[in-house]
Amino acid sequence: MAGGRLETGIDALGGLTDEDFKRTILRALKLLAAVTVTGAATLWWKMGWRTAGLLVVGAAISGSGLWEWMRLMVAVMERMDAGAQARPMGEDSGGFLHAAGADRGGALC
């Protein structure tokens, strides 16, 4: 893969639709859940419940970031696809930034 093109010459992201994006994020969340369950069980067995708990908390923070990112991008894409007059997105993006700052200890706010 060179220059964003597959070896067949097809643009890798050219056909990515809104539904493809949503499916990709949801698959990432499912993968995160599976890895968290497996990892937490292994860590609990090897290193104790506290370490497993920290993994679960970290995965929850990561998952909430993915979920909020998906919600923001869906809102942006819906407004772009509507074709209506552009409206300010302060409420949507402000809520996203506030949640992102809260998830990361206020680093963005």
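Helices are DSSP runs of H or I of at least four residues, numbered from the N terminus. In this predicted model, helix 1 covers residues 18-47, and just after helix 1 Gly-48 takes a positive phi of about 105 degrees. Helix 2 comprises residues 49-82.

The dimensions of helix 1 can be checked against expectation. With 30 residues at 1.5 Å a residue, helix 1 should span 44 Å, and the distance of 42 Å between its end C-alpha atoms agrees with this.

Attention may now turn to the interior. Within helix 1, the buried residues are Phe-21, Ile-25, Leu-29, Thr-36, Gly-39 and Ala-40. Phe-21, Ile-25 and Leu-29 also belong to the largest nonpolar core, where they are joined by Met-70, Val-74 and Met-77 to give six residues in all. Helix 1 and helix 2 are the elements that each give two or more residues to this core. One of the core residues, Met-77, touches Asp-18 and Phe-21, when residues up to four places away in sequence are not counted.

The charged side chains present another aspect of the structure. How many salt bridges are there? The count comes to three. An α-helix has 3.6 residues a turn, so residues three or four places apart point the same way. Glu-19 and Lys-22 are three residues apart in helix 1, and therefore about one helical turn separates them. These two residues form a salt bridge whose closest N and O atoms are 3.9 Å apart, a value to be set against the cut-off of 4 Å. Glu-19 counts as partly exposed because its relative accessibility is 46%, and Lys-22, with a relative accessible area of 28%, is likewise partly exposed.

A further salt bridge in helix 1 links Arg-23 with Asp-20, with 2.2 Å between the closest N and O atoms. Here too the partners lie three residues apart, about one turn of the helix. Arg-23 has a relative accessibility of 41% and so counts as partly exposed.

In helix 2, Arg-71 and Glu-68 are three residues apart, which means that about one helical turn lies between them. Their side chains meet in a salt bridge at 3.1 Å, N to O. Arg-71, at 48% relative accessibility, counts as partly exposed.

Aromatic rings complete the account. A search of the whole structure finds zero aromatic pairs. The ring of Trp-45 nevertheless has the charged end of Lys-46 sitting over it, 4.4 Å from the ring centre.

Technical notes:
Residues are numbered from 1 along each chain as its sequence is written. This is a predicted model: local features need pLDDT of at least 70, side-chain atom pairs count only at pLDDT 80 or more; totals for chains, interfaces and linings use all residues. Side-chain values use heavy atoms; hydrogens and water are left out. The expected span of a helix is 1.5 Å times one less than its number of residues. Buried means under 20% relative accessible area, exposed over 50%, partly exposed in between (1.4 Å probe, protein chains only). A nonpolar core is a set of buried Ala, Val, Leu, Ile, Met, Phe, Trp, Tyr and Cys residues joined through side-chain atoms within 4.5 Å. Contact means heavy atoms within 4.5 Å. Rings of Phe, Tyr and Trp (its six-membered ring) pair if their centres lie within 6.5 Å; planes under 30 degrees apart count as stacked, over 60 as edge-to-face and the rest as tilted. A charge sits over a ring if NZ of Lys or CZ of Arg is within 6 Å of the ring centre and within 35 degrees of the ring normal.
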